[in-house]
Structure formats: C-alpha cells, structure tokens
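Biologist: I should like to take a close look at a single part of this structure, together with whatever surrounds that part. Could you describe it step by step, in a way that a first-year student can follow?

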Amino acid sequence: MVRLSRTILGVAYTLTRMSAQSESRLYSFSPETKEKLRKFRLGTSRAKEPQAVIYMIDGKNQEIRPEDDEVYAKMDDLAEELPESSPRFILLSYPLTLGSGRLTVPYVLLYYLPVNCNPSMRMMYAGAVELMRNTAEVNRVIEIQEEDDIISIESKLQAAD
C-alpha cells in the first residue's frame, strides 16, 4: 500500500513538473516583467487601498506582460479598462478588515475570462494561468467573467477569509 502511494505521488509529481515545463516553454516573461511582478507583490503587501495591474499575453511572441503601466485603485476604473471579449490576468492586492477587526491584504490573481471570448484566446490564457500564478507568487486564483464580478470582488475576498 505504501509503495503504491509513493508510486502515485511520484507520477503526480512528474506530471506536474512536465506541465510546468511545457507552460514555461510556451509562454515567457521578460526580465523587466518579472521584476515588475516582484516589486508589485512586495510593494502592495501593506497597501492602504486596493491596487491592481492588468496583464495580457502578446499573441505574436507568447510573452506575458503588463497591458500598460497603470495601477488601478478603484475597481470601477479597472472594470472599465477590461476588453469585452478578450481574457486578461489581473494581479490584485486588496486591503480588508475582517469581522474580527484584523487587517489583511489578500494578494490574488483574477482570471478574467469573458463569456463571449474567442475559443483560441480562451485556450491560450487557460494554458498560461498556472504559470502566471506561480511567477506572480499568488496563492489564490479567482475566475471572473464580467465587470460586475470586479466591482463586487470584496465580497468574494471576504468570503474566503
């Protein structure tokens, strides 16, 4: 029984590594983008207001990069910037006061996948979500489909804590 468990765990580990390796061959991050990811993560850990950055996949070279240099503090502004039919990754740091009075700043990846999205774009982003999650060092991924999901994100974050 123990031998079988170790075998199953070994196979699962190998498949996970193979999946991560294939993702890293398909999609890439420039050194500048990796540095921006690191700075955003570290700089928002004690934020007093929400901060969000939109990332996209450049279809020409399969590079994951910031859509622009904008950091959004208002969820309404962020929702307005999202395209109606193209997926995006959004890194979000969102300060919350829990029911206990404790302040927490969840750092999450919002995986924006609109319902009317082109199937090839849907596949491209689906293949990169775990790589984005790991590279950005995010613990939680929340899939969203419309602007209202962004505007009401605080309730989803509260529910998790």
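Modeller: Let us take helix H2, whose buried residues are covered by a set of elements that includes strand E1 (51–58), strand E2 (63–66), strand E3 (88–93), strand E6 (107–112) and helix H4 (119–136). Please bear in mind throughout that this is a predicted model.

A word on the setting comes before the details. The protein chain contains six helices and seven strands, and along the sequence these follow the pattern α-α-β-β-α-β-β-β-β-α-β-α-α. Of the 161 residues in the protein chain, 39% are buried. If one considers contacts between residues at least 6 apart in sequence, 64% of them join residues at least 24 apart.

Helix H2 itself runs over residues 31–43. Its 13 residues, at 1.5 Å a residue, should span 18 Å, and the end C-alpha atoms are indeed 18 Å apart, so the expected and the computed values agree. Which residues of H2 are buried? They are Thr-33, Leu-37 and Phe-40. When one looks down the axis of H2, these buried residues fall within an arc of 70°, and therefore they line one face of the helix. The other side of H2 carries exposed residues, namely Pro-31, Glu-32, Lys-39 and Gly-43.

Phe-40 deserves particular attention. Its relative accessible area is 10%, and it counts as buried because this value is under 20%. A search of the whole structure for aromatic pairs finds three. In one of them, Phe-40 and Tyr-107 form a tilted pair, with 6.3 Å from centre to centre and 45° between the planes. This pair links distant parts of the chain, since Phe-40 belongs to helix H2 and Tyr-107 to strand E6, 67 residues apart. Tyr-107 is likewise buried, because its relative accessible area of 15% is under 20%.

Phe-89 and Tyr-125 also form a tilted aromatic pair, at 5.1 Å centre to centre and with 50° between the planes. Here too distant parts of the chain are linked: Phe-89 is in strand E3, Tyr-125 is in helix H4, and the two are 36 residues apart. Both Phe-89 and Tyr-125 are buried. Ring pairs join Phe-89, Tyr-111 and Tyr-125 into a cluster.

We may now turn to the way in which H2 meets H4. Two packed helices are described by the angle between their axes and by the distance between the axes. The axes of H2 and H4 come within 9 Å and cross at roughly 60°. The two helices are therefore oblique to each other. From H2, the contact is made by Lys-34, Leu-37 and Arg-41, while Met-132, Thr-135 and Ala-136 take part from H4.

Among these, Met-132 of helix H4 rewards a closer look. Its relative accessibility is 0%, so it counts as buried. Apart from its neighbours within four places in sequence, Met-132 is in contact with Phe-29, Leu-37, Tyr-55, Ile-64, Phe-89, Leu-91 and Leu-109. Leu-37 in that list is one of the buried residues of H2, and Phe-89 is a member of the ring cluster. Met-132 and Phe-29 are 103 residues apart in sequence, whereas their C-alpha atoms are 9.2 Å apart in space.

Finally, let us follow the chain past H4 into the loop that leads to strand E7 (140–144), where Glu-137 lies. Glu-137 has a positive phi of about 60° although it is not a glycine, and at 47% relative accessibility it counts as partly exposed. Asn-139 is found in the loop between H4 and E7 as well. It is exposed, because its relative accessible area of 70% is over 50%. If neighbours within four places in sequence are left aside, Asn-139 is in contact with Tyr-107 and Arg-133. This brings us back to H2, for Tyr-107 is the aromatic partner of Phe-40. Asn-139 and Leu-109 are 30 residues apart in sequence and 8.1 Å apart in space, C-alpha to C-alpha.

Key: Residues numbered from 1 in each chain as written. Predicted model: local features only at pLDDT ≥ 70, side-chain atom pairs only at ≥ 80, totals over all residues. Heavy atoms only, no water. Helix = DSSP H or I, 4+ residues; strand = E, 2+ residues; numbered from the N terminus. Expected span 1.5 Å × (residues − 1). Buried < 20%, exposed > 50% of the residue type's maximum accessible area, 1.4 Å probe, protein only. Arc of directions from axis to C-beta. Contact = heavy atoms within 4.5 Å. Phe/Tyr/Trp six-rings, centres within 6.5 Å; stacked < 30°, edge-to-face > 60°. Axes fitted to C-alpha atoms, helices over the stretch in contact; angles between N-to-C directions. Parallel < 35°, antiparallel > 145°, perpendicular 65-115°, else oblique.
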